[in-house]
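Welcome, and please load the model in your viewer with the sequence panel open. We will walk from stop to stop, selecting a few residues each time.

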Amino acid sequence: MQLTRTGCALRATSRRWATISNRFLSFTAARAQSNAATDTNPADTSPAYPPRPPGLYLYGGIGQFKQPNPGSESQRSADRGFSSTIDDKKYPKDLHYNVSKQILEHVGRKLYLQPNHPLYLTRKLIESAFSEDQGFNNRLEPNPVVTVKENFDDLGFPADHPGRSRTDTYYVNQDHVLRTHTSAHELKLFSELKEDLYAGSHGYTLCSDVFRRDSIDRSHYPVFHQMEGARTWRLVTANEILDPNEREAIASHERRLNLRAMKDDLERLPLWRYRAGRDIDPKLHDQAALDLKAEDPHPNFDPATNPLQPSHTAEEIELVASHLKLSVEFLLAKVFRQAQRAGIISRTEPPRVRWIPTYFPFTSPSWELEVWWQDEWLEILGCGISQQQLLVKAGIPESVGWAWGIGVERLAMLLYGIPDIRLFWSQDRRFLGQFREGEATRFQEFSKYPECYKDVAFWVPDADGKVENGGEEAETLPPPTVGIEGEQRAVDSVATPSPSPSSSGAAAPAGGHNRSSSDSAQHHPSFHENDLAEIVRDIAGPLVENVTLVDEFFSEKKRRRSLCYRIMYRSLERTLTNEEVNEVHEKVRRRMEEQLGVELR
Ligand code: FA5
Ligand code: MG
């Protein structure tokens, strides 16, 4: 969802933090207790993750844990002891269950396995840049249900992390979620690398579907695909180093990265070679020669906001970070070259990308990459230097590594010029018939059916659920002076760059702190924008294109806030009649009253 009244949202967010996190903490504390009762793995004694950098966390979204409505279907099912079947596996249902039928319909589609589907082709392209020949195991993980431990705990998400809340994450039951990111499998894949390291693999890629309760617009969908990539290097002891100068330099440390070997690896990267004027594999020359404008004005790390880990040296991380960034930029160059050939982007204007410092619980330092696309910044991926504790847990303490997580749809949108993320789910031949392996294709819009806008205005209920009568004279809040992203950046960290609007990815369920749609969502103690999105999606399905906050005011007299959202309905496949949209919209309104307790205006 886009926000037009963002300043207010942020002020409200910071005020409410204490109240909500207390509520949320009681939920996570209860779960921690029950986990303690069942989770008796004595091996799990790895050290706690380092604390988050101060000041970065406020905008990770609000952990608004709502007890399920006692009258809801999930409650009734839970009472009757029903279980849910997801990907042919049964999971007992409990009060935490919040997966709608509409979401379940997406499970099992496995678009990344469907030959000539743009997501399949994009996965293949990514795998070709991080191939088995280069030491990356190319993996898939079809079952989307993971444990809370895998999705959050193992990765060092604090107990009160907002991404754990039921407003952001689909819970199958108290202990299982639909994975919110492919990083849920990091620990397992790093553990498997322990064996593979001896067989010559030092990294992996993984492609899977992931699920998030999220906003509605052309680059966000509640079910999307991510690819995770990781690369490790073995640390060595001083006496393993041949170069006497280097040996001396690291003698004071127990184990260190073999800097010489690391530099050699860096100097093998095609983009490094091209930029240094060295020889390069002729097959890769065209791609490396792409004039990519990568803006990277921030230092790779910053003690206050994007710190090095205690076990790493600056020299090591400069090298690992360069390896990561050049590897990713090379992938982007591959995408842009194909997009140029298909006539999607200009051959003369260099594509713009930018690196931005960010925060994830499982990497430090961390960055995001954004691409300038259709007149705004589009977030493509998050990445960073893996937390050493994670590698220790995985049984490869003698390694250092980087990892990234890419939004596959976002990359496919660049690659084929696909304007709306809903299209990836289309079964229409006019869509699917357009893409073929080995061909640079520009998506041909086969239809542009008219949109239909409907507004819904309502009074947000009190925290205790009461709704006073609205309709009184109200004071309209002044419009914000900067966009949501800019305001967050301005407040949340010195390392963040200048304010500018961006179409970001949701970050809270994956641990990111800034510019997530969840951040931008309206959070009130008793209203969360993601809950509205879920209702609209559940009822309108693929007929909804966008939901935007268009008005907000606070009545001093009533001490009550009113919000107005504009819902844009548009089918990708036919013209909608006003009557059918009215019917759908009326259902949305009724459901909002029933489930969100709002008073419609
Ligand atoms: C993550 O999910 C981290 N797990 C990435 C990571 C991996 C970081 C390994 C460090 C190490 P993030 O929440 O930013 O990060 O999501 C990654 C990408 O997924 C985003 O950059 C965006 O391209 C895409 N994405 C996020 N939300 C959506 C959505 N609702 N619809 C489509 N794409 C999305
Ligand atoms: Mg992000």
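What percentage of the 601 residues in the protein do buried residues make up? They make up 60%, where buried means under 20% relative accessible area, exposed means over 50% and partly exposed lies in between, with a 1.4 Å probe and protein chains only.

Some ground rules before we start. This is a predicted model, in which local features need pLDDT of at least 70 and side-chain atom pairs count only at pLDDT 80 or more, while totals for chains, interfaces and linings use all residues. Residues are numbered from 1 along each chain as its sequence is written, chains are lettered from A and ligands numbered from 1 in the order in which they are written, and side-chain values use heavy atoms, with hydrogens and water left out.

**The whole chain**

Switch to a cartoon view. The secondary structure comes to 18 helices and 23 strands; these are DSSP runs numbered from the N terminus, with helices being H or I of at least four residues and strands being E of at least two. Now consider contacts, meaning heavy atoms within 4.5 Å. Of the contacts in the protein with a separation of 6 or more, 73% are between residues 24 or more positions apart.

**Strands 13, 14 and 15**

Select residues 376-386, which are strand 14: 10 of its 11 residues are buried. Add strand 13 (residues 363-373), which runs antiparallel to strand 14 and is joined to it by 9 bridges; two strands pair if DSSP finds at least two bridges between them. Then add strand 15 (residues 399-407), also antiparallel to strand 14, with 5 bridges joining the two.

Pick L381 in strand 14. L369 stands opposite L381, and in strand 15 the bridge partner of L381 is I406.

Next, zoom in on the hairpin of strand 13 and strand 14, which has 2 residues between the strands. Q374 takes a positive phi near 45° there. D375, found in the loop between strand 13 and strand 14, has a positive phi of about 70° although it is not a glycine. Is D375 buried or exposed? With a relative accessible area of 67%, D375 is exposed.

Before leaving, select S364 and P365. The peptide bond from S364 to P365 is cis, with omega near -5°, and P365 has its place in strand 13.

**A three-stranded sheet**

Now show strands 5, 6 and 7. These 3 strands form an open sheet in the order 5-7-6, with antiparallel pairing. Strand 5 (145-147) and strand 6 (171-173) stand at the edges with a single partner strand each, so one side of each is left without a neighbour in the sheet. From one strand to the next the twist averages 35°, with axes taken as lines fitted to C-alpha atoms (for helices over the stretch in contact) and angles running from 0 to 180 degrees between N-to-C directions. Strand 6 and strand 7 (residues 176-178) pair over 2 bridges, and the bridge partner of Y171 in strand 7 is V177.

**Aromatic rings**

Show the side chains of Phe, Tyr and Trp. Rings (for Trp, the six-membered one) pair if their centres lie within 6.5 Å; planes under 30 degrees apart count as stacked, over 60 as edge-to-face and the rest as tilted. By this rule there are 18 aromatic pairs. One of them is F152 with F157, edge-to-face at 5.0 Å centre to centre and 70° between the planes; both residues are buried.

Move on to W459 and F553. Their ring centres are 5.8 Å apart and their planes are at 90°, so the pair is edge-to-face. This pair links distant parts of the chain, W459 in strand 16 (residues 452-459) and F553 in strand 21 (residues 544-555), 94 residues apart. W459 counts as buried at 1% relative accessibility, and F553 does too at 9%.

For a larger selection, take Y416, F431, F435, F443 and F446, which ring pairs link into a cluster.

**Charges over rings**

A charge sits over a ring if NZ of Lys or CZ of Arg is within 6 Å of the ring centre and within 35 degrees of the ring normal. Select R352 and W372: the charged end of R352 sits over the ring, 5.3 Å from its centre. Then try R537, which lies over the face of Y221 at 5.3 Å from the ring centre.

**Last stop: helix 8**

Finish at residues 259-268, helix 8, whose buried residues are L259, M262, D265 and L266. Viewed down the axis, these buried residues fall within an arc of 120°, so they line one face of the helix; the arc is that of the directions from the helix axis to the C-beta atoms.
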